[in-house]
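Reader: I'd like to practise reading burial, cores and surface patches. Can we walk through an example together?

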Amino acid sequence: MKNTLSVTKEINSENLCILDKAIGDYNIGIIGMSHGFASILELTEIPDLEHYFPRLNLVAVAQPGPDDRLLQKARDKGMSIYSSYQEMLKAHPEINLVIENTGKQHLVPEIRSILPAHVSLLDYGATVFLCGLLLMFQVKKRCMLNLSWHRDLFQAVVDHLQEDLLLLDTKGVIQDLNMHVSKRLGKKKNDLIGRHCTEIFSCARGAFYRGFSIGEDYTDAVCPFNKTLATQQPAEAMQTWVDEQGRARYFRIYTYPVFDQSGILKWVVEMRRDITIRTEMEKRVALSEKLATIGELSTYIAHEIRNPLFVISGFANVLLRKPEHDEAVREYLLGIQRECKRLDRILKRFINYARPPKPVFKAVDVNKMIQHVVQLFDSTSREQQITFKMDLPSNLAKAEGDPELLKQCLINLVKNSIESMPQGGTLRLSTFMDEQYVGVRVSDAGNGIPKEVWNRAFNPFYATGEGTSAELGLAMTKKILDDMQGRMELSSHKDKGSTITIRIPMLSAMPDSDMG
């Protein structure tokens, strides 16, 4: 449906067309060259004027003044020059509009008395009014251009912000938003304006929008928009979302009150900033500091425990060699030896995690390595009814890393996935290239990792499989990848399984030592 303004413009345009046809062009004769003469000439030069008025043709000027500059302008316009208006009217019968521009009021009745009925007359006062309209038109045009420039500049700046920016009324209805919001949500701007903010970014617990789930700790009580309405002060809050791939994303929400001239709260500006990368980096720094402390302590404790453990194992071995012990005693001694060996393996893991070997970088064929790792678990997978599905493109680039350490990483990932599927299922392994990385994706069909323990999944001694003993699995894998400038990501859905993606730097075509 057309709006009222559009309809009015069409009606006015039709009326002006009728007026144009009825009157035809204005053929103008001017009497006098006072101050308004230059404005009249300028008025006829406005290109858009013909959209609103009939054409203005300047024909002649009578009783010119001494200003040679204005006289030359009249000649440049093609106007004929006459000493009296009588001569002008006699020479140009086509003139249908006379403008009296001398300012001598006694001439008006005289001129009107000799004009034919079809010729209109504008006296000096009407001419001044006409020139005033011109001035207002010019001022308005400059103001509109200036306003349009500032509006376009402001909109361009707002649209290029990499944060969501929304203007809400006091009821939470979206009045305006920047382009970043519509791009991120995949919606047109007009489809979002007029909707309530909770329809787009719901504050309700457990709500979803386009695959995003609001964090359990975020409710209406801590909604920054509600806080701003209540306090009329800026507010902020943290949101944790889970996207369609099951990855945690973090947003910082800021709200700012906007008041009218009387001091009444009219709008609220809401800015939503994606701080996922920053949050993950802060977590990594905090975890690195914590692990450094744990590593130092673990190394000390491991060495201190291994010494008496070695003595205990040695004594048990000595006692086993004595023939006087019966079978029951020998079983106890063998049990002591087995447990000593098991504890020694655990302590070695402590030491290796605290002080892992430095990687030796070589070219790595990731596809062949995956095939070899799958062969290692062949018998285990058949026993647990687990089927391997591999998608290994033949044109995959080689990675750059330590082959033995990367193999250990893949063994850890496959082992964890197998342990998460005690009832069997499909374990998918695929490779890909992403910018400067060679990627490996390991997807299982297990129970998934609960969201509340995601942050602990990469901590030492956390086990992802149910019923498994505490181990370094994911934490050790992540530490190895960090040392090789790689990356590791976790994606998990409850009761649907988990996907772990690792990225290893791609092998450079030219060694660093050969690059200038």
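Reader: Let's start with one residue: does Thr-228 count as buried or exposed?

Author: Keep in mind that this is a predicted model. The general idea is that buried means under 20% relative accessible area. Thr-228 has 0% relative accessibility, so it counts as buried. You'll find Thr-228 in helix H10, residues 224-231.

Reader: And which residues is Thr-228 in contact with, leaving aside its neighbours within four places in sequence?

Author: The list is Gln-233, Pro-234, Ala-235, Thr-255, Tyr-256, Pro-257, Leu-265 and Val-268.

Reader: On to cores. Which residues touch the most other members in the largest nonpolar core?

Author: A core is a set of buried nonpolar residues joined through side-chain atoms. Here the largest one has 36 residues, and Val-366, Phe-388, Val-414, Leu-427, Leu-429 and Ile-502 touch the most other members. Elements giving two or more residues to this core include helices H13 and H16 and strands E14 and E19. Helix H15 gives the most, with eight residues.

Reader: What does Ile-502 touch, not counting residues up to four places away in sequence?

Author: Its partners include Leu-410, Leu-413, Val-438, Leu-481 and Met-488. Apart from this core lies another, of 16 residues, among them Val-59, Ala-62, Met-88 and Leu-121.

Reader: Now the outside. Which residues make a nonpolar surface patch?

Author: Trp-149, Leu-153 and Val-157 make one of about 320 Å². Leu-153 sits in helix H6, residues 124-159. Its relative accessibility is 42%, so Leu-153 counts as partly exposed.

Technical notes:
Residues numbered from 1 in each chain as written. Predicted model: local features only at pLDDT ≥ 70, side-chain atom pairs only at ≥ 80, totals over all residues. Heavy atoms only, no water. Helix = DSSP H or I, 4+ residues; strand = E, 2+ residues; numbered from the N terminus. Buried < 20%, exposed > 50% of the residue type's maximum accessible area, 1.4 Å probe, protein only. Contact = heavy atoms within 4.5 Å. Core = buried A, V, L, I, M, F, W, Y, C linked by side-chain atoms within 4.5 Å. Patch = residues over 30% accessible without salt bridge, like charges linked within 9 Å, V, L, I, M, F, W, Y side chains within 5 Å. Areas by Shrake-Rupley, 256 points an atom, 1.4 Å probe, with all protein chains shown as cover. Salt bridge = Lys/Arg side-chain N within 4 Å of Asp/Glu carboxyl O.
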